Amino acid sequence: MESIVFWGFNLHAWITIATVLTMFTVLLTTKLRTDLVFLAAIGILFVTGVLDAKEAFSGFSATSVVVIGVLFVVVAGLTYTGVLQYVVKYLLGQPNSFSKAVVRLMLPVAALSSFLSNTTVVSLFVGIVKMWSKKLGIPPSKLLIPLSYASGMGGVCTLIGTPPNLIISGLYADKTGTAMNILATTVPGLFCLFVGVLSIIAMQRLLPDRKAPESAFEASSEYTLGLQVPSDNPYIGKTLNEAGLYNIKSGTLLKMYHFDNIPIPLSGEEPIMGGDLLVYAGPIDDLIEMAVDHKLVSSDHHMFSINEMDNYSQLRTAYVTFGSNLIGKTIGGTSFEKDNNVMLAAVSRKGERIVEAPRQVILEAGDTLLLVCSKQFTMDTDSMKRNLHFFDSEEVPNIGYHTLISTTIMIAMVVVSALGLMPLLQCAFLAAAAMLLFRCCTPDQAMKSINWDILMVFAGSVVLGLAIQKTGIAERLAFGILDVCGTNPLVVMTAICFVGTFITEFISNTAAGAMFFPIMYEAAEKLGYEPYPFLIALMVSVSSSFATPIGSPTHMLVYGPGGYRFSDFMRIGLLMNIIILAANILIVNIVYPLTPLTP
């Protein structure tokens, strides 16, 4: 069966093509977990015989994947010792123009992202930038897109700064037996960052001027809260006036529902019955105080006992993430509040607070939720991580001598690896051990910092790249590209990088890197050139996704807080894609001149 050839591809090649296309379609059109989709793809390639057992599970033992897992622990040490907070505190300052603000923001973010997780850096900076923008008198939407762009461009500057660099360099080492230097992409990355900063300043008019979602909450002290009359409430049988629930302190009764979920005409003489739903608007503190005094509970079917109500004093702002299970649903129609011990007070969309009862609002990606939380509230649950993103960390780092120790460990790891004294994997293991030994993070914090879902995606990406190469797809595509583009190496390099930049707007940059590695490698060899410069250019291109909010996790982090629309990224992002692509091809060919293969 494998010998059957159709359009130049055998059966195993067509199975691989169908698997890859199906996988990407599922990722784009459904909310299935990415790691499960990749695992299913690996399973299909194994069961159909495209890959044997060793090949199918080779991704889990790949050096690049192991390095990423160990680096999670190193990053945890930096995070919990307050390195990020220290940098923020002393580097942002008080610039007096937009151009200076962009420089003061993008350069530190890019520097941190060269060694730390992009999402970690952006998560910290989002809240800081929003407060900073108020002091500067600049709309947050003008600074949050540059923040996300800087993290992506900074990540390219080292092999450990972004997963595609590690994946591509790992595949190159497996293929050639030669390891890339940890600073191999530093000069090209810095040049593209310099060009990117200048481009942002030059194109600042294309940055959207959006109202921040929180402004809808800040502009008014009033929030909307649904409260329910429990069956043992002492005011049952009395009228709203008699119970003191019609005219309340600093608030207004908006709606009242009996059993049929149909709002009734409001009147102070309306009798109160068990199970009634009362929707109030007013200052949240006064509403909670009134709920406690009148023994009302959350509207989520007696979610809280009356004794617990006085514990609900924290206000937290969160954003509905892309792929959240809450999209298209109402909070009232789910058990989210009950499962996470929170109450929804208000919903904002694109900077405007939605006036209707918040628990009846059909949620969309990017919606801002104002939650009333208990003093024991934790955002570190699977449900919270999967559906919402908070920007205030519950872990309060202590800036002190541990900050200096963790920074020294990171610098030592980079220097030792860059000088070739020790392979990156060994350096990473020693750095992780040092973080634990010097108590920069606890063992529990280290284990929690390892994102196993992401590691599954990385391992799956390596396996997909292997399947594409083994089945001859990479070679056929390389020949196809050469037929279209000719034998000019610059044209071929540009064409593959252009397609890689476009593809990574819609799929994981890790997957794009693994998928295009064999194609770029084969194309370079067919042309008779060393693949090294081609792969450096590929690293930059698959991390250059600027045109859609789904192109990078960091774009999704700023999408809600910036009050953006989908098209906001395209206005400036399409031009950024072209500019960075041109800068990438130019600098790579200057730093790494094309070298013919030796016979």
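Which loop holds R439? Select R439 and look on either side. R439 sits in the loop between α17 (424-437) and α18 (443-449). Keep in mind that this is a predicted model.

**Stop 1: the whole chain**

Show the protein chain as a cartoon. The protein chain has 25 helices and eleven strands. Colour by accessibility next. Of the 599 residues in the protein chain, 54% are buried. Then turn to the contacts. Among contacts in the protein chain with a separation of 6 or more, 77% are between residues 24 or more positions apart.

**Stop 2: two positive phi angles**

Go back to R439. R439 is not a glycine, yet has a positive phi of about 60°. Most residues other than glycine have a negative phi. R439 has 69% relative accessibility, over the 50% cut-off, so R439 counts as exposed.

Now select K295. K295 is in the loop between α13 (284-293) and β6 (297-298). K295 also is not a glycine, and its phi is positive, at about 55°. The relative accessible area of K295 is 40%, so K295 is partly exposed.

**Stop 3: α10 against α25**

Select residues 186-202, helix α10, together with residues 566-591, helix α25. Two packed helices are described by the angle between their axes and the distance between the axes. The axes of α10 and α25 come within 9 Å and cross at roughly 145°. The crossing of α10 past α25 is right-handed.

Show the side chains in the contact:

- From α10, pick V187, P188, F191, C192, V195, G196, S199 and I200.
- From α25, pick I572, M576, I579, I580, A583, N584, L586, I587, V588 and V591.

What is the make-up of this contact, by nonpolar, polar and charged residues? The contact of α10 with α25 has 15 nonpolar residues, three polar ones and no charged ones.

**Stop 4: aromatic rings**

Display the aromatic side chains. The structure holds seven aromatic pairs. One of them is Y564 with F569. A pair of aromatic rings is described by the distance of the centres and the angle of the planes. The ring centres of Y564 and F569 are 5.5 Å apart and the planes stand at 70°, so this pair is edge-to-face. Are Y564 and F569 buried or exposed? Both Y564 and F569 are buried.

Move on to F46, F57 and F60. These residues form one aromatic cluster.

**Stop 5: two threonines**

Select T16 in helix α1 (residues 11-29). T16 has 0% relative accessibility and therefore counts as buried. Which residues does T16 touch, leaving aside its neighbours within four places in sequence? The contacts of T16 are L45, V50, A467, I468, T471 and I473.

Next, select T334. T334 lies in the loop between β7 (312-320) and α14 (336-340). Its relative accessibility is 18%, under the 20% cut-off, so T334 counts as buried. Show the backbone around T334. A polar atom of the T334 side chain lies 3.1 Å from the backbone oxygen of I331. A polar atom of the T334 side chain also lies 3.3 Å from the backbone nitrogen of F336.

**Stop 6: far in sequence**

Three C-alpha distances finish the tour. Draw each one as a dashed line.

*A345 to L225.* A345 is in strand β8 (residues 342-349). A345 is buried, with a relative accessible area of 0%. A345 and L225 are 120 residues apart in sequence, and their C-alpha atoms are 5.2 Å apart.

*N451 to F72.* N451 is in the loop between α18 and α19 (452-470). N451 is partly exposed, with a relative accessible area of 30%. How far apart in space are N451 and F72, C-alpha to C-alpha? The distance between N451 and F72 is 7.6 Å, across 379 residues in sequence.

*L112 to A150.* L112 belongs to helix α6 (residues 98-113). L112 is buried, with a relative accessible area of 10%. L112 and A150 are 38 residues apart in sequence and 9.9 Å apart from C-alpha to C-alpha.

Methods
Residues are numbered from 1 along each chain as its sequence is written. This is a predicted model: local features need pLDDT of at least 70, side-chain atom pairs count only at pLDDT 80 or more; totals for chains, interfaces and linings use all residues. Side-chain values use heavy atoms; hydrogens and water are left out. Axes are lines fitted to C-alpha atoms, for helices over the stretch in contact, and angles run from 0 to 180 degrees between N-to-C directions. Helices (H or I, at least four residues) and strands (E, at least two) are DSSP runs, numbered from the N terminus. A crossing is left-handed if the near helix is turned anticlockwise from the far one by less than a right angle, and right-handed if clockwise. Contact means heavy atoms within 4.5 Å. Ala, Val, Leu, Ile, Met, Phe, Trp, Tyr, Cys and Pro count as nonpolar, Asp, Glu, Lys and Arg as charged, and the others, Gly among them, as polar. Rings of Phe, Tyr and Trp (its six-membered ring) pair if their centres lie within 6.5 Å; planes under 30 degrees apart count as stacked, over 60 as edge-to-face and the rest as tilted. Buried means under 20% relative accessible area, exposed over 50%, partly exposed in between (1.4 Å probe, protein chains only). A polar contact is a pair of N or O atoms within 3.5 Å; within protein, one must be able to donate a hydrogen and the other to accept it, and residues adjacent in sequence count only if both atoms are side-chain atoms.
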